[in-house]
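Colleague: Got a minute to walk me through this model? I'd like to go over the sheets and one of the pockets.

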Amino acid sequence: MLVNWRIFAVSHQKISSLHINTMCYCKRRASLKRLKHHLPLGRNYSSLPGIIGNEIKSLHSIINPPIAKIRNIGIMAHIDAGKTTTTERILYYSGYTRSLGDVDDGDTVTDFMAQERERGITIQSAAVTFDWKGYRLNLIDTPGHVDFTLEVERCLRVLDGAVAVFDASAGVEAQTLTVWRQADKYSVPRICFLNKMDKTGASFNYAVESIREKLKAKPLLLQLPIGEAKTFRGLVDVVTKEKLLWNPNSEDGKDFERISLLELSDPELLKETTEARNALIEQVADLDDEFAELVLGEFSENFDLLPVEKLQTAIHRVTTAQTAVPVLCGSALKNKGIQPLLDAITMYLPSPEERNYEFLQWYKDDLCALAFKVLHDKQRGPLVFMRIYSGTMKPQLAVHNINGNCTERISRLLLPFADQHVEIPSLTAGNIALTVGLKNTATGDTLVASKSSALAAAHRAKREGDKKHRRSNGAERLLLAGVDIPEPVFFCTIEPPSMAKQPDLDHALKCLQREDPSLKVKLDPDSGQTILCGMGELHIEIIHDRIKREYGLETYLGPLQVAYRETILNTVHATDTLDRTLGDKRHLVTVELEASPVGTSSVMPVIEYAENITEDLLKISQDPVENGIHSACLQGPLLGFPVQDVAITLHSLIVHPGTSTTMISACVSRCVQKALKKADKQILEPLMNLEVTVTRDYLSPVLADLAQRRGNIQEIQSRQDNRVVIGFVPLAEIMGYSTVLRTLTSGSATFALELSHYQAMNPQDQHILLSRRSGLA
């Protein structure tokens, strides 16, 4: 890969205490010149990470900064809010790149996939490591499209802080709510950045109000805009009472000046800023007791005398405690407001040591890391992204995978730089690394130094007497929480151009599945076809495109189909006996059970046991019984879709001595299928949350079209000059909706979809669906 990086990495072992500036000037210049030729895509990358201006640090300090100086952050938002453009500006001002990339031009650092550049959207998250004013930032740019929501989820899992980007003209949108909920789930502290302040219809107050109302968050206004929409020219720092004005003649936005607000020159702005600062101080004092004591003691008479540092420290505490969110503003496209955002990231978001991870006390200083993403590289094989929670990771290190119960060796260790990577000799806790050589590690796996290290940690956890974990076994106690993988809602068949290419297709799908756990691949038992299951039309389209480009396979997709579910409407009993002799062994099982509907939504069958089932019998047969029930519920009696919202009660189980567990499972499975066939059956269809943003002129045709699609409109909100239609619509009716909506509204409307729940189909629609599937319609 990058030759000179390798030279630096290897030489680190010999010159860890020496400084890079011992290299002669001409050599350094020559090595950087060589580096330029190796970099693809014509982008100008700056010199070594950690070299700011003329300041050159030792290699040791570049690779492993103090943990207090590390910030692991993600950029999250609704689609088209400006995440990638904001990331691009951050990389430029930090000195990581030397030219400004543009999403429309397809030359951004983090959108490096061909599909991302063609569509102008982010599909998979990209990690970039860079420095800002002595801080090491590991930044992850995440997708905004609902089809790739798992990408956001698995990245938030390992981050210590996040920047939520908002379109200032739209405020909180559909996908903003989703990513905000995901950040709540993993308790990630956030900063809000109101982007596009220069856009027509931008409103600072509207966006702040939508954060307060829709996200139920407490916004701390750290900045105020100077002008809005076309008049936006800068912003006011409420904390320091300074105005920040960007030089209109500066093309890249690097030139801006901080000017203290004075009574003579800006009386109105000073008055507004003073009121905002006083309100901010009162707000923070309400949320932080330590700050409240300080304010009420020394500065109760005059808030103006309160030192800036004290206020900033208090804002850092409330942000880390997630009792409030700082709000900043700017325009990434017009290069305004990004440098103050970087300062806020380092100042207000927590370092890894400020996050409280309960499991770390059990590992002490031993290695503990979580694999949160897998990429496939044609030359290197699987690249695994790691968040290191404790200990040190080095190349050639053998690590134990607790989930897979296997030991693997890391052949190389890299720092992630989007689609380029820098080889390094070691990395300490708090960092995000990229490893080469792990063949069996998947998303959500916990990696430790060794099996004995895992057992030692288990003993420590047991000694602590943590009641929450005491009932689980040693290994489960040590697993870091992985990610919840959503169920796919679309599926279609996929076929290779010829049977000779089937093994190549299987390999490609295996690699893609490991990269993207939300992609499911299964084999149809009746037709023998390969079924591709995904999160949406765009998801399947991207997978199909990647198979063609990355693996050179021209595959054929069958028509997209909806993943329905089945359930039963009444309680039924069934009995079954399996009597088989294999060799000289007789296998005899008799099962009696009851299948009944469950009131609450339950994807997995609820399994209950009658009182007459003894504990001794359960010890031997509980696992095979449950395996049999689960396998029977995978294919329903109507259309072969999974069965949900059912409870199976085992009333009687008679097992002949010497009967194998496989026979018990087979008998139970057959008995459950018999019960399901006897019951009154019902098809459940996926219902989607739909949010359509449309101008007032086109509202009527959009509503008329949704009525034809069995849509259920909940409310119509006003958002500036637009109308936002919120409601539910069956997934089967929304196929190809983007094309229809563009036609109806002359391309002015946008929409967002998200799976809400499964609901029962009405008898007429169910009859039409069954007729169509059986070939009668």
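**Pocket and sheets**

Modeller: Sure, and bear in mind that this is a predicted model. Starting with the second largest pocket, its lining has 18 nonpolar, nine polar and seven charged residues.

Colleague: How much space lies in that second largest pocket?

Modeller: About 1,100 Å³.

Colleague: And which residues lie nearest its centre?

Modeller: Lys522, Leu634, Gly640, Phe641 and Pro642 do, out of 34 residues that line the second largest pocket.

Colleague: Which elements give two or more residues to the lining?

Modeller: Three strands: β22 (490-495), β23 (520-523) and β24 (530-534). The top contributor is β23, which gives the most, with four residues.

Colleague: OK, switching to sheets. What's the strand order in the open sheet that has β7 in it?

Modeller: The order is β7-β8-β9-β10, four strands with antiparallel pairing. The edges are β7 (223-226) and β10 (256-260); each has a single partner strand, so one side of each has no neighbour in the sheet.

Colleague: By how much are neighbouring strands turned against each other there?

Modeller: By 25° on average, ignoring direction.

Colleague: How many bridges pair β9 with β10?

Modeller: Five, in the antiparallel sense, with β9 covering residues 242-246. One pair to click on is Lys243, whose bridge partner in β10 is Ile259.

Colleague: Which strands of that sheet does helix α12 touch?

Modeller: α12 (residues 338-348) packs on the sheet and touches β7, β9 and β10. The direction of α12 makes about 135° with that of β9.

Colleague: Next, the sheet with β28. Is the pairing there mixed or antiparallel?

Modeller: Mixed. It's an open sheet of four strands in the order β28-β29-β31-β30.

Colleague: Why is one side of β28 and of β30 left without a neighbour?

Modeller: Because β28 (572-582) and β30 (606-609) stand at the edges, each with a single partner strand. Neighbouring strands in this sheet are turned by 25° on average, again with direction ignored.

Colleague: How do β29 and β31 run?

Modeller: They run antiparallel, with nine bridges joining β29 (residues 585-597) to β31 (residues 646-655). If you want a spot to zoom in on, Thr590 stands opposite Ile654 in β31.

Colleague: Which helices pack on that sheet?

Modeller: One is α19 (residues 615-632), touching β30 and β31, with its direction at about 150° to that of β30. Another is α20 (residues 661-678), which touches β28, β29 and β31; the direction of α20 makes about 150° with that of β28.

Colleague: Last topic, β32. How many of its 15 residues are buried?

Modeller: Twelve of them, so β32 (residues 681-695) is largely enclosed by the rest of the structure. Buried here means under 20% relative accessible area.

Colleague: And which strands are joined to β32 by bridges?

Modeller: Among them is β27 (residues 565-568), antiparallel to β32 and joined to it by four bridges. There, Thr567 stands opposite Gln682 in β32. β35 (residues 750-760) pairs with β32 over ten bridges, also in the antiparallel sense.

Colleague: What's the bridge partner of Asn689 in β35?

Modeller: Glu754. Then there's β34 (residues 722-730), which runs antiparallel to β32 with nine bridges between them. In that pairing, Val694 stands opposite Arg723 in β34.

Key:
Residues are numbered from 1 along each chain as its sequence is written. This is a predicted model: local features need pLDDT of at least 70, side-chain atom pairs count only at pLDDT 80 or more; totals for chains, interfaces and linings use all residues. Side-chain values use heavy atoms; hydrogens and water are left out. Two strands pair if DSSP finds at least two bridges between them. Axes are lines fitted to C-alpha atoms, for helices over the stretch in contact, and angles run from 0 to 180 degrees between N-to-C directions. Contact means heavy atoms within 4.5 Å. On a 1 Å grid over the protein atoms alone, a cavity is a set of points where a 1.4 Å probe fits but cannot get out, and a pocket is an open set with protein on both sides within 12 Å along at least five of seven lines; lining residues have an atom within 4 Å of a point. Grid points are joined across faces, edges and corners, and a volume is the space filled by probe spheres set on the points. Ala, Val, Leu, Ile, Met, Phe, Trp, Tyr, Cys and Pro count as nonpolar, Asp, Glu, Lys and Arg as charged, and the others, Gly among them, as polar. Buried means under 20% relative accessible area, exposed over 50%, partly exposed in between (1.4 Å probe, protein chains only).
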